[in-house]
Amino acid sequence: MKIKQQNMESIKRVLYQSAPISRAEIAERLELTPPTITNIVLEMIQQGVVQELKGDQKKQTVKGVGRKPINIDLVAESKLALGISLGRDVTHYCITNLRGEAHILEKTDVVSDDYETMLEQMKNLLHTVRSRYPAEWEKLLGIGVSTPGIVDSERGILNNLETERVSWNGRFLADEISRMSGLPAMLENNVQARAAIISLFRPELLDGDTTFALCHVAWGIACPIILRNHSLMGNDFATGEIGKMILDPNGVKVPHCGKPGSLESTSSLRGILELCRQAMAEGTCEELLKICQDPEKLELEDILAAQNRGDRAVCKIMDNAMKFLGIALANMVGVINPHRIFLGGGVFRNYQNFEVAQSSLMNHAFRASDEKLEVSFIDLGEYGGAVGAAAKCIERFFIKG
């Protein structure tokens with residue numbers, strides 16, 4: 001039974017990567033016997049989650065003579081997933097089909113840092129979704145929730161090592177949501193969730209690769225690794241927290257940004273804001289001060305605007321941030337060796353920041369002379385955390401099933 005489940009998971013992953021595709025092509029790719037593929041596909045057709053495309057001959061390769069093979073594909077609307085992103089500034093939620101196509105995209109106020117209050121807010125949110133979208137609710141296979149921090153996705157708890165949302169630490173949030181909704185629920189780190197969008201919903205970006213990294217620069221910096229279609233995880237689920245990487249042990253400590261010399265202190269949004277506030281206090285960033293006079297109200301958009309105006313102090317901070325980001329990623333390449341790296345986050349809205357980070361990475365990365373290393377900017381949009389949560393829900397409750 002376990003082998004059958006593993007084979008079914010493998011077939012579903014091929015469908016996400018390459019459908020429409022014939023049974024024969026799946027058998028060849030997975031090195032499984034045609035009867036094994038036929039029996040499992042028949043079961044999925046009977047479940048209504050896979051369909052034959054009898055009129056579709058676009059991708060078929062026929063060898064020899066005989067009946068042309070029939071391509072198969074997922075029935076995207078057969079199951080839906082609810083994704084909820086518990087961000088620091090706003091809560092986003094969505095319902096998607098199996099291909100990540102959104103039925104709804106909505107947002108509401110940020111949830112409370114107090115655990116019990118947050119649970120009441122989640123209960124109200126679930127009630128709202130169920131009452132507004134009863135037809136979609138009936139087709140939900142489960143609920144995915146994404147949040148910043150270190151998440152034990154197997155147990156559905158947040159193991160945050162910092163000072164925010166401390167009352168959530170160690171609480172079985174996924175189980176609580178499942179109890180409130182009557183549906184299976186799972187919890188995932190918000191950047192791990194975004195990586196699942198690429199794996200499941202954007203296979204064209206991978207060009208057949210099954211290993212890649214997604215570096216997301218936001219309040220912190222995370223870089224999950226997807227290794228042969230599976231998230232690379234440590235025992236404590238903290239894998240990918242490259243923001244904690246120490247690049248200069250003698251570096252200046254930046255308030256609220258971890259240890260001195262960490263990547264987070266130089267290159268995270270939190271670190272960049274703190275460094276720009278220091279420059280404002282010193283009066284060295286003339287253009288930034290014209291845009292924003294109150295350091296406490298400083299936002300990323302202000303910094304990017306000042307950078308575009310050529311503010312020397314801001315340009316130096318951003319240039320340094322992106323160079324250190326490239327060095328950190330180069331260190332990761334030397335250990336994990338992904339051939340594709342995606343960079344995401346608001347700082348890259350100024351394309352020059354992507355170019356500096358990419359150049360720094362390429363200059364410092366150790367790799368064979370003919371080894372492929374592609375770096376791309378990716379914008380997963382405002383609802384990336386919510387759609388990613390839906391993707392992880394689909395992966396857990398449909399693909400792995």
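Arg13 is buried in this predicted model, its relative accessible area being 9%. Because the limit for a buried residue is under 20% relative accessible area, the 9% of Arg13 falls in that class. Arg13 takes part in a salt bridge with Glu395, whose closest N and O atoms lie 3.4 Å apart. This pair connects distant parts of the chain, since Arg13 belongs to helix 1 (residues 2-18) and Glu395 to helix 14 (residues 384-399), with their positions 382 residues apart. Glu395 is likewise buried, with a relative accessible area of 9%.

Glu395 has a further salt bridge, formed with Lys392. Both residues belong to helix 14, three residues apart, or about one turn of the helix. Glu395 and Lys392 are both buried. A network of salt bridges links Glu9, Arg13, Glu188, Lys392 and Glu395. The structure as a whole holds 26 salt bridges.

Another salt bridge joins the side chains of Glu176 and Arg179. These two residues stand three apart in helix 6, a separation of about one helical turn. Glu176 is partly exposed at 21% relative accessibility, whereas Arg179 is exposed at 60%. The table lists the salt bridges described individually.

| Salt bridge | Closest N to O distance |
|---|---|
| Arg13 and Glu395 | 3.4 Å |
| Glu395 and Lys392 | 2.8 Å |
| Glu176 and Arg179 | 2.8 Å |

Helix 6 covers residues 173-181, and its buried residues are Leu173, Ala174, Ile177 and Ser181. Viewed down the axis of helix 6, these buried residues fall within an arc of 100°, so they line one face of the helix. Their packing partners are strand 4 (80-86), helix 4 (115-132), helix 5 (134-138), strand 7 (140-147) and strand 10 (185-189). Just after helix 6, Gly182 adopts a positive phi of about 75°.

Strands 4, 7 and 10 also belong to a sheet. This open sheet has five strands in the order 6-5-4-7-10, and its pairing is mixed. Strand 6 (102-109) and strand 10 stand at the edges with a single partner strand each, so one side of each has no neighbour in the sheet. From one strand to the next, the twist averages 20°. Within the sheet, strand 4 pairs with strand 5 (residues 90-97) in the antiparallel sense over seven bridges. Leu82 stands opposite Ile95 of strand 5.

Two helices that pack on the sheet may be described together. Helix 4 touches strand 4, strand 5, strand 6 and strand 7, and its direction makes about 145° with that of strand 4. Helix 14 touches strand 4, strand 5, strand 6, strand 7 and strand 10, and its direction makes about 130° with that of strand 7. Helix 14 is also the helix that holds Glu395 and Lys392.

Glu241 lies in the loop between strand 14 (230-231) and helix 8 (263-267). With 26% relative accessibility, Glu241 counts as partly exposed. Leaving aside residues up to four places away in sequence, Glu241 touches Ile150, Asn189, Ile221 and Ala222. Glu241 and Cys315 are 74 residues apart in sequence, and their C-alpha atoms are 26 Å apart in space.

Methods
Residues numbered from 1 in each chain as written. Predicted model: local features only at pLDDT ≥ 70, side-chain atom pairs only at ≥ 80, totals over all residues. Heavy atoms only, no water. Buried < 20%, exposed > 50% of the residue type's maximum accessible area, 1.4 Å probe, protein only. Helix = DSSP H or I, 4+ residues; strand = E, 2+ residues; numbered from the N terminus. Arc of directions from axis to C-beta. Contact = heavy atoms within 4.5 Å. Salt bridge = Lys/Arg side-chain N within 4 Å of Asp/Glu carboxyl O. Pairing = 2+ DSSP bridges. Axes fitted to C-alpha atoms, helices over the stretch in contact; angles between N-to-C directions.
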